[in-house]
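Please look through the structure shown here and follow, step by step, how some of its helices are arranged.

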Amino acid sequence: MTQHDSPTLPAHRAGASGQAPDAPGSPGPSRPARPWMPALLYTLGFLTVYLLAVCTPWGQRAENALFGLGKQGGEEAWIYPLSGAEYGSTPLPPMELSAKPTLMVGLAVIVVLTLVRRCWWPGFAALGVVVLTTGGNEVLKSTLPRPDLVGAPANLLDQGFPSGHTSIPAALTLAAVLVVSPRIRPYVATAGVLWVACIAAASATMGGHRPGEVLGATLLACVWYALATWLLPSAAAPGATRSPRALTVVTLTVALAVALASGARDDTLTRSLVSGAAGFICAALVRHAAAGRPARTARRTPPARG
């Protein structure tokens with residue numbers, strides 16, 4: 001073996017074992033690149049909903065008109081017996097007084113799953129998604145202005161953007177996706193999507209929140225989830241949730257039915273359909289965020305051979 005050939009073999013072995021860094025411009029192993037675009041799109045969606053629904057006269061008129069259709073209360077809503085507003089009724093979590101207990105139980109479940117599965121980074125990210133969504137929701141409700149652009153009655157001037165009740169199921173669903181096993185992740189996401197469809201539509205039709213407010217809460221949860229999955233270390237970040245095509249179709253179909261039933265009222269078809277549509281859009285957003293995108297791989301360009 002000549003002196004020229006002697007260093008070649010050890011260098012090749014070191015590179016093959018992954019113990020030596022690649023030389024500049026040399027071909028190297030593929031690197032996963034998680035997309036950051038979803039976080040930006042969800043953020044833009046949140047701002048768009050707020051600006052159009054709250055900060056424009058025609059947006060305020062459209063949403064205020066829904067509050068004026070039929071009765072202001074929720075007695076005419078089909079879901080009223082499960083809302084907790086009826087005396088002696090048990091609220092469907094997280095409606096009425098069950099909001100805080102639902103949030104506490106959800107956080108406890110996330111902690112237990114993190115400890116059992118020892119998925120520390122995803123567990124911290126899941127807790128962050130829930131805390132930042134629900135906490136951010138309260139901060140935004142108290143800081144984002146709701147200008148009176150249409151001379152609305154006093155009872156329509158309360159700031160409810162984004163919706164606190166809708167943010168809880170959306171945040172807990174996306175947090176659960178981070179910490180559960182990949183094998184059951186599609187089914188956990190499905191259950192959460194149906195939960196979001198029900199609560200979002202019910203919140204809109206019961207008169208507690210406008211459609212834009214439930215959409216804003218869902219988009220806020222999607223923003224934090226997208227940021228969490230983007231910032232997680234590569235080894236801890238969840239991959240795309242691959243579910244059977246039939247499950248996706250069934251999930252969205254059932255979510256539409258749940259949203260329409262949860263938003264239905266006896267006194268106005270318009271408010272029923274708008275509330276149902278808002279609930280379904282929220283469910284579809286959570287389903288889209290939970291599905292994620294497969295990581296892209298970027299390979300180094302090999303040097304040109306002269």
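The paragraphs below turn to a pair of helices and then to a further helix and its surroundings.

This is a predicted model, and a good place to begin is with helix α2, made of residues 37-54, and helix α3, made of residues 57-68, whose axes come within 5 Å and cross at roughly 80°. Because angles of 65 to 115 degrees count as roughly perpendicular, α2 is described as roughly perpendicular to α3. Where these helices meet, Leu52, Ala53 and Val54 are the residues contributed by α2, while α3 brings Trp58, Gly59, Gln60 and Glu63. Sorted by class, the contact of α2 with α3 consists of four nonpolar, two polar and one charged residues.

Helix α4 covers residues 99-117, and its 19 residues, at 1.5 Å a residue, should span 27 Å, which agrees with the 27 Å that separates its end C-alpha atoms. Which residues of α4 are buried? They are Ala99, Thr102, Leu103, Gly106, Leu107, Ile110 and Thr114, and because they cover an arc of only 130° around the axis, they lie on the same side of α4. Among the elements that cover these buried residues of α4 are α5 (120-143), α6 (164-179) and α7 (185-205). The face of α4 that is turned away from the buried side, by contrast, carries Val105, Leu115 and Val116, which are exposed. After α4 comes arginine 118, and the phi of this residue is positive, near 55°.

Notes. Residues are numbered from 1 along each chain as its sequence is written. This is a predicted model: local features need pLDDT of at least 70, side-chain atom pairs count only at pLDDT 80 or more; totals for chains, interfaces and linings use all residues. Side-chain values use heavy atoms; hydrogens and water are left out. Axes are lines fitted to C-alpha atoms, for helices over the stretch in contact, and angles run from 0 to 180 degrees between N-to-C directions. Helices (H or I, at least four residues) and strands (E, at least two) are DSSP runs, numbered from the N terminus. Angles under 35 degrees count as roughly parallel, over 145 as roughly antiparallel, 65 to 115 as roughly perpendicular and the rest as oblique. Contact means heavy atoms within 4.5 Å. Ala, Val, Leu, Ile, Met, Phe, Trp, Tyr, Cys and Pro count as nonpolar, Asp, Glu, Lys and Arg as charged, and the others, Gly among them, as polar. The expected span of a helix is 1.5 Å times one less than its number of residues. Buried means under 20% relative accessible area, exposed over 50%, partly exposed in between (1.4 Å probe, protein chains only). The arc is that of the directions from the helix axis to the C-beta atoms.
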